[in-house]
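Q: Hi! Could you walk me through this one with me? I'd like to go from the overall layout down to a few single residues.

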Amino acid sequence: VPQLTHLLSAAEKVTSLGKDWHRPCLRCEKCNKTLTSGGHAEHDGKPYCNHPCYAALFGPKGFGRGGAESHTFK
């Protein structure tokens, strides 16, 4: 995540994981989807979307096996 070099206005700032982010910069580490404050998961201080990324990467093994929610990452 790039370091912010200027002040954020209230309209463009979102606080998550103990930091202030530009709204479009708060993205899932895996799929790059834009996230909302409090509407995502965290692993090792990095943001992830809850589904499918966090669940597939860090959830119980066998998550969504064979069903509509099956996701595999390479």
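A: Happy to; we can start with the fold and then look at side chains.

Q: Great. What kind of model is it, to begin with?
A: It is a predicted model.

Q: And how many helices and strands does the protein chain have?
A: The protein chain has one helix and four strands. Read from the N terminus, the order is β-β-β-β-α.

Q: What share of the residues is buried?
A: Of the 74 residues in the protein chain, 22% are buried. The exposed area comes to about 5,300 Å², with carbon and sulfur atoms supplying 52% of it.

Q: What about contacts between residues 24 or more positions apart?
A: Such pairs account for 12% of the contacts in the protein chain that have a separation of 6 or more.

Q: Let's go inside. Which residues make up the largest nonpolar core?
A: There are eight residues in that core: Val14, Trp21, Leu26, Cys28, Leu35, Tyr48, Cys49 and Cys53.

Q: I see cysteines in there. How many disulfides does the structure hold?
A: Zero disulfides.

Q: Why is Cys31 not bonded to Cys53?
A: The closest cysteine sulfur to that of Cys31 is indeed the one in Cys53, but at 3.7 Å it is too far for a bond. The cut-off for a disulfide is 2.5 Å between the sulfur atoms.

Q: Is Cys31 buried, exposed or partly exposed?
A: Cys31 is partly exposed, as its relative accessible area is 38%. Cys25 is also partly exposed, with a value of 37%.

Q: And what does Cys49 touch?
A: Leaving out residues up to four places away in sequence, Cys49 touches Cys28, Cys31, Lys33, Leu35 and Tyr54. Two of these, Cys28 and Leu35, are listed with Cys49 in the largest nonpolar core.

Q: Switching to aromatics: how many aromatic pairs are there?
A: The count is two aromatic pairs. In one of them, the ring centres of Tyr48 and Phe58 are 5.2 Å apart and the planes stand at 75°, so this pair is edge-to-face. The pair links distant parts of the chain, with Tyr48 in strand β4 (residues 46–48) and Phe58 in helix α1 (residues 50–58), ten residues apart.

Q: Are those two rings' residues buried or exposed?
A: Tyr48 is buried, at a relative accessible area of 10%. Phe58 is partly exposed, at 31%.

Q: What about Tyr54 and Phe58?
A: Tyr54 and Phe58 form a tilted aromatic pair, 5.3 Å centre to centre with 50° between the planes. They are four residues apart in helix α1, so about one helical turn separates them. Tyr54 counts as partly exposed, with 26% relative accessibility.

Q: How do the three residues go together?
A: Tyr48, Tyr54 and Phe58 form one aromatic cluster.

Q: Nice. Now Glu42: where is it found?
A: Glu42 is in strand β3. With a relative accessible area of 37%, Glu42 is partly exposed.

Q: What is Glu42 in contact with, apart from its sequence neighbours?
A: Setting aside residues within four places in sequence, Glu42 is in contact with Leu17 and Tyr54. Leu17 and Glu42 are 25 residues apart in sequence, while their C-alpha atoms are 7.7 Å apart in space.

Q: Which backbone nitrogens does the Glu42 side chain reach?
A: The Glu42 side chain reaches the backbone nitrogen of Asp44 at 3.3 Å. The backbone nitrogen of Gly45 is reached by that side chain too, at 2.4 Å.

Q: Leu17 came up there. How far apart are Gly38 and Leu17?
A: Gly38 and Leu17 are 8.8 Å apart from C-alpha to C-alpha, and 21 residues apart in sequence.

Q: And where is the place of Gly38, in which loop?
A: Gly38 is in the loop between β2 (19–22) and β3 (41–43).

Q: Is Gly38 buried or exposed?
A: Gly38 is exposed, with a relative accessible area of 73%.

Q: Last one: what does Ser16 touch?
A: Not counting residues up to four places away in sequence, Ser16 touches Trp21, Leu26, Ser37, Gly38 and His40. Trp21 and Leu26 are among the residues of the largest nonpolar core.

Q: So where is Ser16 found, and is it buried or exposed?
A: Ser16 is found in strand β1 (residues 13–16). Ser16 is buried, since its relative accessible area is 7%, whereas its contact Gly38 is exposed at 73%.

How values were computed: Residues are numbered from 1 along each chain as its sequence is written. This is a predicted model: local features need pLDDT of at least 70, side-chain atom pairs count only at pLDDT 80 or more; totals for chains, interfaces and linings use all residues. Side-chain values use heavy atoms; hydrogens and water are left out. Helices (H or I, at least four residues) and strands (E, at least two) are DSSP runs, numbered from the N terminus. Buried means under 20% relative accessible area, exposed over 50%, partly exposed in between (1.4 Å probe, protein chains only). Contact means heavy atoms within 4.5 Å. Accessible areas come from the Shrake-Rupley method with a 1.4 Å probe; for residues, only the protein chains shown count as cover. Rings of Phe, Tyr and Trp (its six-membered ring) pair if their centres lie within 6.5 Å; planes under 30 degrees apart count as stacked, over 60 as edge-to-face and the rest as tilted. A nonpolar core is a set of buried Ala, Val, Leu, Ile, Met, Phe, Trp, Tyr and Cys residues joined through side-chain atoms within 4.5 Å. A polar contact is a pair of N or O atoms within 3.5 Å; within protein, one must be able to donate a hydrogen and the other to accept it, and residues adjacent in sequence count only if both atoms are side-chain atoms.
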